[in-house]
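Subject: Structure handover

Hello,

Here is the structure to load into your viewer. My notes on it follow below.

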Amino acid sequence: MPDTPPAPVILGNEPGSFPHSVLAERHPAIVRQVREAFPYGPEQHRALDALVESCAKGVIEPLPADASDGDRWAAWGMDEYVGRSWFDVPWLWSESHFYRRLLDAVGYFGPGPWQGIDPFRPSKLAELHSRETDEELAALDDLADRPVAERTEALLHGSLWGNRADLGFRLSDADAEARAAVPGLVADDGDALRRLLTDADTLCLIADNAGRELIPDLLLIAHLLAHGTIRRAVLHVKPYPYYVSDATTADVVDALRRLTDAPGEAAGYGRRLWSAMADGGLTVRAHPFSCAPLPYADLPDDFRAELAAATLTLVKGDLNYRRLVGDRRWPPTTAFAEVTAHFPGPVAALRTLKSDVITGLGADTEAALVAAEGQRWRTSGTHALIQVR
Ligand SMILES: O=P(O)(O)OC[C@H]1O[C@](O)(CO)[C@@H](O)[C@@H]1O
């Protein structure tokens, strides 16, 4: 990284801090939610009890000897962190590892009858079939007669603000959705983004949440394909359920069915995407590194090569932003271009702010945010940004 010395990595061990509250409060709440969602047997309940106990008072344990991804986790730092408190290792690592252990506890990795059963699916489906989703899809009818550029803008902002709809985030901040989004972006490289999206070949979209975020992401892709703004799109989803609402291939299928079954314009978007999947215009990928507890600076060679070949990579959401710039205590005015210099091609972040990490702010913007809200703006989910490099 050119001139910027790395800032300290964020850990979860400071009581009262946001990362600490995620480990100490949000994770047990997620376990409770998962227990209520399925009629699990005694074995799963015991494993979930053990996980809660381990997170609160214990240390990170080795993976089972027969874990099929044992080597992968070893390469991702497992040996260094085994035996240490969940609170004392990088927060990005411990959060990510929590989801790996949670899936283990409910039998997701099998073998057995619960293999492949997504513990978050009921909440994802409820959101996909909510009144709010109906309203968002109905809004497409009003958009139909508008000029293309206006539709592009509306769909870009739909994709950006769709990131507020995050089920895990709502668990600990139930009012986040109701609070009005603050108008205006804290950083807005929208012009640069529009330039990159002119006559582009391949758009990679690194997806974040399913449901009410994935739907607008898909609508945006359908629109860009339909108008020849991009020739093809690659949608990167997670290979297994992650951070409660992150999108997997099954969620893409659910979202496409939701679109094709909808009344009005939405069905046309769904049908176009369905055919794009068939003719290679839209490809879905689920690379193991998408669930890695590491920043994108550590991209493996195959993933790096793929992103290097894209005209633009659109990185959605808060967690992807943390992975893109590095989950560190950057001074907010640190240049976004410098902390993303490692990324193999043009990249744009579309994110609502839900954790402490932030870069690329103007000094005036930071000062105004702090004067109005203290540090709350970093995590409240009411501010958003578009940043491009
Ligand atoms: O869905 P998003 O936008 O990635 O947000 C998830 C965020 O929620 C948290 O789990 C807690 O805020 C963060 O760790 C993570 O960055």
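Let me start at the ligand. One of its oxygen atoms is 2.7 Å from an N or O atom in the side chain of K354. I count that as a polar contact: a pair of N or O atoms within 3.5 Å, where, within protein, one must be able to donate a hydrogen and the other to accept it, and residues adjacent in sequence count only if both atoms are side-chain atoms. For R322, the distance from a side-chain N or O atom to a ligand oxygen is 2.4 Å. For N209, the matching distance is 2.9 Å. Taken alone, the ligand exposes 390 Å², and the protein buries 97% of that. Those areas come from the Shrake-Rupley method with a 1.4 Å probe; for residues, only the protein chains shown count as cover.

Before you go on, two notes on the source. This is a predicted model, in which local features need pLDDT of at least 70 and side-chain atom pairs count only at pLDDT 80 or more, while totals for chains, interfaces and linings use all residues. Residues are numbered from 1 along each chain as its sequence is written, and side-chain values use heavy atoms, with hydrogens and water left out.

The ligand shell

Which residues come nearest to the ligand? Of the 15 around it, they are E95, D318, L319, R322 and K354. A residue is near a molecule or strand if one of its heavy atoms lies within 4 Å of it. By class, the shell has five nonpolar, three polar and seven charged residues. Here Ala, Val, Leu, Ile, Met, Phe, Trp, Tyr, Cys and Pro count as nonpolar, Asp, Glu, Lys and Arg as charged, and the others, Gly among them, as polar.

Helix α15 gives the most to this shell, with four residues. Helices (H or I, at least four residues) and strands (E, at least two) are DSSP runs, numbered from the N terminus. Domain 1 (18-119) and domain 2 (124-388) each supply at least three shell residues. The domain bounds come from an automatic or database domain assignment.

R322 has a protein partner too. Its side chain makes a polar contact of 2.9 Å with the side chain of D327. D327 lies in the loop between α15 and α16 (336-339). D327 is buried, with a relative accessible area of 6%. Buried means under 20% relative accessible area, exposed over 50%, and partly exposed in between (1.4 Å probe, protein chains only).

The sheet

Seven strands form an open sheet with mixed pairing, in the order β1-β7-β6-β5-β2-β3-β4. β1 (187-188) and β4 stand at the edges with a single partner strand each, so one side of each has no neighbour in the sheet. Two strands pair if DSSP finds at least two bridges between them.

Strand β2 (residues 200-206) pairs with β3 in the parallel sense over six bridges. One bridge links L205 to L235 in β3. β2 also runs parallel to strand β5 (residues 312-316), joined by four bridges. There, L203 has L312 of β5 as its bridge partner.

Is strand β3 (residues 230-236) largely enclosed or largely open? Five of its seven residues are buried, so the strand is largely enclosed by the rest of the structure.

Backbone points to check

A cis peptide bond joins G110 and P111, with omega about 0°. P111 sits in the loop between α5 and α6 (121-128).

Two residues in the loop between β3 and α12 (249-260) have positive phi: Y243 and V244. For Y243, phi is near 40°. For V244, phi is about 65°, although V244 is not a glycine. Y243 is buried at 10% relative accessible area. V244 is buried as well, at 0%.

Other positions

A297 is in the loop between β4 (282-285) and α14 (301-308). A297 counts as partly exposed, at 35% relative accessibility. A297 and R323 are 26 residues apart in sequence and 7.9 Å apart in space, C-alpha to C-alpha.

L92 is in helix α5. L92 is buried, with a relative accessible area of 5%. L92 and D71 are 21 residues apart in sequence, and their C-alpha atoms are 19 Å apart in space.

Best wishes
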